[in-house]
Amino acid sequence: MARFTFKLPDIGEGISEAEIVAWHVAIGDRVEEDQQIADMMTDKATVEMESPVTGVVVELAGEVGDQVSIGAALVVIETEDEATGAADGDAVATPMDETDRPAAESAEEEAFVAENPGVEEVSSPAEDGAQSGGAGGDANPVIAEISPTGPRPSPGNSAAMESHAPVLASPAVRARASDLGIDLSVVKTDGDRVRHADLDAYLRYGSGEGYHAPHASRARDDETIKVIGMRRRIAENMAASKRNIPHFTYVDEIDVTALEAMRADLNAHRGHRPKLTMLPLMIVAISRSLPEFPMLNARYDDEAGVVTRSGRVHMGMATQTDAGLTVPVIRDAQDRNVWQLATEIGRLAEAARANKLKPDEMGGGTITITSLGPLGGIATTPVINRPEVAIIGPNKIVERPVFDGNGKGGDDIRRAKLMNLSISCDHRVVDGWDAASYVQSLKRFLETPVLLFAD
């Protein structure tokens, strides 16, 4: 019997292993050539693995979250006709292929019918059709009387209740009523059996006789979530950053009234160009102010004891995705204008959220900017993206009155848009004086935005 072993290829320079973050096939599945079978994550990117052959999956390397070494078996695929025939005919039995009803529900119904000979399980016509068609039917039987013995008794007539068949309800309704502590015999219904809607009405209005069932608990079951994929990378990187880097954070207030007015004017005349947010303007200001403070635009190799001050600004852009925080990098930000930056920001953000970033778009940053937008708060203390030595965090813009004047009784009060700006630095490389001086330089560009476009 021929089997093809698909070994994990070398998917990145210097990568010795990769993590399984998603399986797109299961044992017993038939796969076609070039069909996606798994997503593997390295330190830099998530890579899609595709099957090189057609056949039936017979072995998988492990579970989601496991690490697989480069060159190790990832998937074993049976390629002979016998295996293909089996896949096209009878399904390979796995726990996920079970279509029977839960054992608890079946046992409950069997006990119910045994105790009540005048009652049996029947299906709706649609369910009968599904069952007669063979496998694939998902019948959901309900309890119904074959020979009704008359109208249901009222909740207060105990003698009538004893002389009639038990209350009719599906196993799911019975289970829910049991969990809520509700006696089904006191629940009113307009039909032949108690339904979920009847339970809902009972919980809202009670039985009408002064008895109210206890409310369902608002507590939820505990969840155990395996930390894998992007979440694991974030946890490892943040822990390493806080463990190895002595952080300090400096915060200052910036008047961005003129900058916001200029942004609004640029957007009003942008034509077909992308709409400007504050971010591309911030990146231009950072790039223009960094040359005088090269110690901030740097990477620190603490094992080798070497600081590399970059002559280019490769701007990391912290981006929130469904999988967690990722940091795509805008290359050579110092050479791009605001429109080019806005376009690149949009492209990288979309690629990050779609998990389509390339490895060279996720590494090699020299400084990072992180913003929570309107959720920015009063101030933040961002964590440095190691091995960089600084990260800048603009916070929320608020409107407040400010005083203008010479302080000799002629002060004017005006409405201003103010924003706190945070910067966290690696104290092994950057001194507090350097960080404060840099923020003052950056502040000058942001408060006098015409400088952003001056040579």
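Here are a few exercises on this predicted model, each with a worked solution.

Residues are numbered from 1 along each chain as its sequence is written. Because the model is predicted, local features need pLDDT of at least 70 and side-chain atom pairs count only at pLDDT 80 or more, while totals for chains, interfaces and linings use all residues; side-chain values use heavy atoms, with hydrogens and water left out.

**Exercise 1. Get your bearings: how many helices and strands are in the protein chain?**

Solution. Start with the count: the protein chain has eleven helices and 20 strands. Both are DSSP runs numbered from the N terminus, helices being H or I with at least four residues and strands E with at least two. Next, burial: 38% of the 455 residues count as buried. Buried means under 20% relative accessible area, exposed over 50%, and partly exposed in between (1.4 Å probe, protein chains only).

**Exercise 2. Check helix H8 (residues 257–268): what should its twelve residues span?**

Solution. The expected span is 1.5 Å times one less than the number of residues. For H8 that gives 16 Å, and the end C-alpha atoms are 17 Å apart, which agrees. Now pick out the buried residues of H8: Leu259, Glu260, Met262, Arg263 and Asn267. They cover an arc of only 160 degrees around the axis, so they sit on the same side of H8. (The arc is that of the directions from the helix axis to the C-beta atoms.) Their cover includes helix H9 (278–289), strand E19 (390–404), strand E20 (412–426) and helix H11 (432–447).

Zoom in on one of them. Glutamate 260 is buried, with a relative accessible area of 12%. Leaving aside residues up to four places away in sequence, Glu260 touches Met278, Ile397 and Lys417; contact means heavy atoms within 4.5 Å.

**Exercise 3. Lay out the open sheet of six strands: what is the order?**

Solution. Read across it and you get E11-E20-E19-E18-E14-E17, with mixed pairing. Two strands pair if DSSP finds at least two bridges between them. Strand E11 (247–255) and strand E17 (329–330) stand at the edges, each with a single partner strand, so one side of each has no neighbour in the sheet. Further in, E14 (residues 315–317) and E18 (residues 367–369) run parallel, joined by three bridges. Across that pair, methionine 315 stands opposite isoleucine 367.

**Exercise 4. Find the largest nonpolar core: which residues have the most contacts inside it?**

Solution. A nonpolar core is a set of buried Ala, Val, Leu, Ile, Met, Phe, Trp, Tyr and Cys residues joined through side-chain atoms within 4.5 Å. The largest has 52 residues, and those with the most contacts inside it are Leu296, Met315, Ile330, Leu421, Val430 and Tyr438. A second, separate core of 18 residues includes Phe6, Ala18, Val57 and Ile77.

Met315 is worth a look: beyond residues up to four places away in sequence, it touches several others, including Ile283, Pro328, Ile330 and Ile369.

**Exercise 5. Hunt for backbone oddities: which residues does a cis peptide bond join?**

Solution. Most residues other than glycine have a negative phi, and most peptide bonds are trans. The cis bond joins arginine 386 and proline 387, with omega about 10 degrees. Proline 387 lies in the loop between E18 and E19.

Then check phi. Aspartate 34 isn't a glycine, yet has a positive phi of about 75 degrees. Aspartate 34 is exposed, with a relative accessible area of 52%. Aspartate 332 has a positive phi too, about 50 degrees, and counts as partly exposed at 22% relative accessibility.
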